Amino acid sequence: MHILLPLVVLLLPPKTEAGDIIGGKEARPHSHPYMAFLQIKTPEGWSSCGGFLVREDFVLTAAHCEGSSIIVKLGAHNIGRQERTQQSIGVRRAIRHPRYNPQNIQNDIMLLQLERSARRNQAVQTLSLPQSQHRLPPQTLCMAAGWGLVGLNRATQKLQEVQLRVQQDQECRRRFSTYDSRTQICVGSSRERKSVFNGDSGGPLVCNGVGQGIVSYGSHMGNPPAVFTRVSSFIPWIKRTMRRFKQ
């Protein structure tokens with residue numbers, strides 16, 4: 001199979017709209033209350049990514065979702081509407097992992113410190129992080145959610161969800177020369193037409209109620225598997241950074 005590089009652009013969001021996950025379905029409104037929609041200003045214009053609330057004042061996302069300014073929208077289902085559940089909060093500080101490498105997309109993780117703490121309610125909650133370096137066994141069933149494309153030219157504004165299984169590392173090593181099992185997770189069966197896609201970057205992989213992964217990169221056609229940043233490999237950095245920049 002042809003290896004696609006550079007891969008970071010493949011899951012970067014379109015500049016004008018966000019849409020569906022491939023092979024998933026519309027989520028029940030506010031059934032993923034940790035989800036964050038990121039509106040990102042870049043030199044080329046506005047783009048978007050996903051993310052997830054890990055503390056009232058911090059959102060976790062992918063490092064390649066950086067921009068000159070970011071607005072975080074929490075409590076959203078339909079991002080095309082001003083829903084009463086939504087909280088729009090500016091980003092005080094975007095903290096990329098110090099070893100993030102945009103060439104090979106390693107250490108693709110970033111913390112966003114919010115300008116003010118989010119108000120927790122039924123539509124806005126934090127997502128638990130892994131407590132240890134325990135590795136997810138292959139075939140673990142997890143959930144991804146996002147506002148990314150459903151196909152090459154199809155979009156929607158309502159949050160989508162899809163169930164995906166963790167794969168053996170060799171499934172991603174065969175397709176992506178930069179895949180590193182120490183800091184990345186291979187997700188999505190090549191036998192199923194289900195995956196994350198453009199616009200889903202930065203969103204979580206949730207396994208048994210825990211945020212185990214962050215959407216990083218994949219095929220430009222949206223064919224699974226896709227690569228997620230392994231959150232458990234970065235827990236010391238996450239905790240240290242949030243302590244350092246405590247409100």
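The legends below describe close-up views of a predicted model.

**View 1. An open sheet of seven strands.**
Seven strands make up this open sheet, and their pairing is antiparallel. Their order is β1-β9-β8-β11-β12-β13-β10. Strands β1 (25-26) and β10 (184-187) stand at the edges. Each of these two has a single partner strand, so one side of each is left without a neighbour in the sheet.

**View 2. The edge strand β1 beside β9.**
Strand β1 runs antiparallel to β9 (residues 160-165), and two bridges join them. Across this pairing, Glu26 stands opposite Gln160 in β9.

**View 3. The disulfide of Cys49 and Cys65.**
The model holds three disulfides, counting pairs of cysteine sulfur atoms within 2.5 Å. One of them joins Cys49 to Cys65, with an S to S distance of 2.1 Å. Cys49 lies in strand β3 (residues 45-55), and Cys65 in the loop between β4 (58-61) and β5 (69-74), so the link ties together parts that are 16 residues apart in sequence. The angle about the S-S bond is -80°, and the link is left-handed. Where relative accessibility under 20% means buried, Cys49 counts as buried because its value is 1%. Cys65 counts as buried as well, at 1%.

**View 4. The disulfide of Cys142 and Cys207.**
A disulfide joins Cys142 to Cys207, S to S 2.1 Å. Cys142 belongs to strand β8 (residues 141-146) and Cys207 to strand β11 (residues 204-207); the pair links distant parts of the chain, 65 residues apart. Strands β8 and β11 stand next to each other in the order of the open sheet. The torsion about the S-S bond is about 105°, so this disulfide is right-handed. Cys142 is buried, with a relative accessible area of 3%, and Cys207 counts as buried at 2% relative accessibility.

**View 5. The disulfide of Cys172 and Cys186.**
The sulfur atoms of Cys172 and Cys186 are 2.2 Å apart and form a disulfide. Cys172 lies in helix α1 (residues 169-173) and Cys186 in strand β10, so the pair ties together parts that are 14 residues apart in sequence. Strand β10 is one of the edge strands of the open sheet. With a torsion of about 85° about the S-S bond, the disulfide is right-handed. Both Cys172 and Cys186 are buried.

**View 6. The pairing of the bonded cysteines.**
When the bonded cysteines of the protein are numbered in sequence order, the pairing reads 1-2, 3-6, 4-5.

Technical notes
Residues numbered from 1 in each chain as written. Predicted model: local features only at pLDDT ≥ 70, side-chain atom pairs only at ≥ 80, totals over all residues. Heavy atoms only, no water. Pairing = 2+ DSSP bridges. Helix = DSSP H or I, 4+ residues; strand = E, 2+ residues; numbered from the N terminus. Buried < 20%, exposed > 50% of the residue type's maximum accessible area, 1.4 Å probe, protein only.
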